[in-house]
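This report describes the fold and backbone of the chain shown below. It turns to the core, the strand pairing and two loop residues.

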Amino acid sequence: MPIVNIQLIEGRSDAQKEALIEKVTAACVEAVDCTPESVRVVLADIAPQDFGVAGASVSKRRETTR
């Protein structure tokens, strides 16, 4: 049973998350020859202030690019 954990910076819509789950499931079915029913996809939203890139939080980086 494939279990896929995906972490995202929060802000994606429910529709985007549903599309991601659908496509990741299809990729697992194709890649490892399993049934869609056996695939588990876990999405976790991360607050932009809780994720850093190049020494600054995503929240701070967004402020400087505006």
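## Core, crossover and loop residues

Beyond its neighbours within four places in sequence, Val 24 is in contact with Val 4, Ile 6 and Val 41. The model under discussion is predicted.

Val 24, Ile 6 and Val 41 also belong to the largest nonpolar core, a set of seven residues that further includes Leu 8, Cys 28, Cys 34 and Val 39. Strand E1 (3-9) and helix H1 (14-32) are the elements that each give two or more residues to this core.

E1 pairs in parallel with strand E2 (residues 40-46) through seven bridges. Within this pairing, Ile 3 of the chain stands opposite Arg 40 in E2. Together, E1, H1 and E2 form a β-α-β unit of right-handed sense.

Two loop residues deserve separate mention for their backbone angles. Most residues other than glycine have a negative phi. Asp 33, which is not a glycine, nevertheless has a positive phi, near 50 degrees. Ala 54 likewise is not a glycine and has a positive phi of about 55 degrees.

| Residue | Loop | Phi | Relative accessibility |
|---|---|---|---|
| Asp 33 | between H1 and E2 | near 50 degrees | 71% |
| Ala 54 | between strand E3 (52-53) and strand E4 (56-57) | about 55 degrees | 74% |

Are these residues buried or exposed? Asp 33 counts as exposed because its relative accessibility, 71%, lies over the 50% cut-off. Ala 54 is exposed for the corresponding reason, since its value of 74% is also over 50%.

How values were computed:
Residues are numbered from 1 along each chain as its sequence is written. This is a predicted model: local features need pLDDT of at least 70, side-chain atom pairs count only at pLDDT 80 or more; totals for chains, interfaces and linings use all residues. Side-chain values use heavy atoms; hydrogens and water are left out. A nonpolar core is a set of buried Ala, Val, Leu, Ile, Met, Phe, Trp, Tyr and Cys residues joined through side-chain atoms within 4.5 Å. Buried means under 20% relative accessible area, exposed over 50%, partly exposed in between (1.4 Å probe, protein chains only). Helices (H or I, at least four residues) and strands (E, at least two) are DSSP runs, numbered from the N terminus. Contact means heavy atoms within 4.5 Å. Two strands pair if DSSP finds at least two bridges between them. A crossover is right-handed if, with the strands pointing away from the viewer, the path from the first strand over the helix to the second runs clockwise.
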